[in-house]
Amino acid sequence: MFDARIRPLIDPPLNRLGRDMAARGVTANGVTLAGLGLGLLAAALIALGAPGWALLPLLASRLADGLDGAVARATRKTDFGGYLDIWADFLFYGAIPFGFAVMDPANALPAAFLLLTFYVNGTSFLGFATMAEKRGISTDAQGQKSLYYSAGLLEGTETIGFFVLLCLLPQHFAPLAWTFGALCLWTATARVLNARHLFTD
């Protein structure tokens, strides 16, 4: 929901930093993998019972997730780079709820529900992107992406904010997870209805 509004604010500084990093020989795929490593470190810290300490690598991971595209734009965008980026994103998004489930078994059921809704939402997103590519539909409303980025109620900005809230209020994981998961299902349903409108011949 907020990605399209935030991109014009964060893209210019990210692009400047990306050009500087590219000039120093940093690769986009290297930034993607570094971001993934930081995200998995955050998940491990959560699993070990230190969600507050997880905030720093979690936010650094998301900074890297924005920088990899900036580095790619400053050098050369590749299909594999786009693929690696989305794979790393989905691994990160699954690892954080899993970390909370490991931290406290009482979180297992709401974490499972959250992962289910991430799965449903993710497939609605990737399926939409596949059909949009097939039909030559494109957009850059959420910035320059390697695949069609279909907007929704919950996008990257909201999910990062949600993860930060979980780290700050781990004792409220269950109600937060049930609520966010329900909103993920809402987002997926809206995307499916939009796909029905766009892709029905």
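**Helix packing and cores in a predicted model**

Modeller: In this predicted model, helices α4 and α5 pack with their axes 8 Å apart, at an angle of about 165°.

Colleague: What makes α4 roughly antiparallel to α5?

Modeller: The angle between α4 and α5 is about 165°, and angles over 145 degrees count as roughly antiparallel, so α4 is roughly antiparallel to α5. The crossing in which α4 passes α5 is right-handed.

Colleague: Which residues of α4 and α5 meet?

Modeller: From α4 come I86, F90, Y93, G94, P97 and A101, and they meet A108, A111, L114, L115, F118, G122, F125 and L126 in α5. By type, the residues of this contact divide into twelve nonpolar, two polar and no charged.

Colleague: Happy with that pair. Now, why is α6 called roughly antiparallel to α7?

Modeller: The reasoning runs along familiar lines. The axes of α6 (residues 156–168) and α7 (residues 173–199) come within 10 Å and cross at roughly 165°. Roughly antiparallel begins over 145 degrees, and therefore α6 is given that description relative to α7. Here α6 passes α7 in a left-handed crossing.

Colleague: Which residues make the contact of α6 with α7?

Modeller: On α6 they are E158, T159, F162, L165 and L166, and on α7 they are F173, L176, A177 and F180. This set divides into seven nonpolar, one polar and one charged.

Colleague: Let's turn to the interior. Which residues touch the most other members of the largest nonpolar core?

Modeller: Those are L58, I96 and F163, in a core of 25 residues. Two or more residues each come from α2 (28–47), α3 (51–74), α4 (79–103), α5 (108–134), α6 and α7. The most come from α4, which gives six.

Colleague: And what is F163 in contact with, leaving aside its neighbours within four places in sequence?

Modeller: F163 is in contact with L58, F92, Y93, I96, P97 and F118. Apart from the largest core lies another, of ten residues, including L14, M21, V31 and A72.

Colleague: One last residue, D20. How do you know that D20 is partly exposed?

Modeller: Its relative accessible area is 41%. Buried would need a value under 20%, and exposed one over 50%. D20, at 41%, falls in between, so D20 is called partly exposed.

Colleague: Where does D20 lie?

Modeller: D20 lies in helix α1 (residues 3–23). The C-alpha atom of D20 is separated by 9.9 Å from that of A70, although these two residues are 50 residues apart along the chain.

Key:
Residues are numbered from 1 along each chain as its sequence is written. This is a predicted model: local features need pLDDT of at least 70, side-chain atom pairs count only at pLDDT 80 or more; totals for chains, interfaces and linings use all residues. Side-chain values use heavy atoms; hydrogens and water are left out. Axes are lines fitted to C-alpha atoms, for helices over the stretch in contact, and angles run from 0 to 180 degrees between N-to-C directions. Helices (H or I, at least four residues) and strands (E, at least two) are DSSP runs, numbered from the N terminus. Angles under 35 degrees count as roughly parallel, over 145 as roughly antiparallel, 65 to 115 as roughly perpendicular and the rest as oblique. A crossing is left-handed if the near helix is turned anticlockwise from the far one by less than a right angle, and right-handed if clockwise. Contact means heavy atoms within 4.5 Å. Ala, Val, Leu, Ile, Met, Phe, Trp, Tyr, Cys and Pro count as nonpolar, Asp, Glu, Lys and Arg as charged, and the others, Gly among them, as polar. A nonpolar core is a set of buried Ala, Val, Leu, Ile, Met, Phe, Trp, Tyr and Cys residues joined through side-chain atoms within 4.5 Å. Buried means under 20% relative accessible area, exposed over 50%, partly exposed in between (1.4 Å probe, protein chains only).
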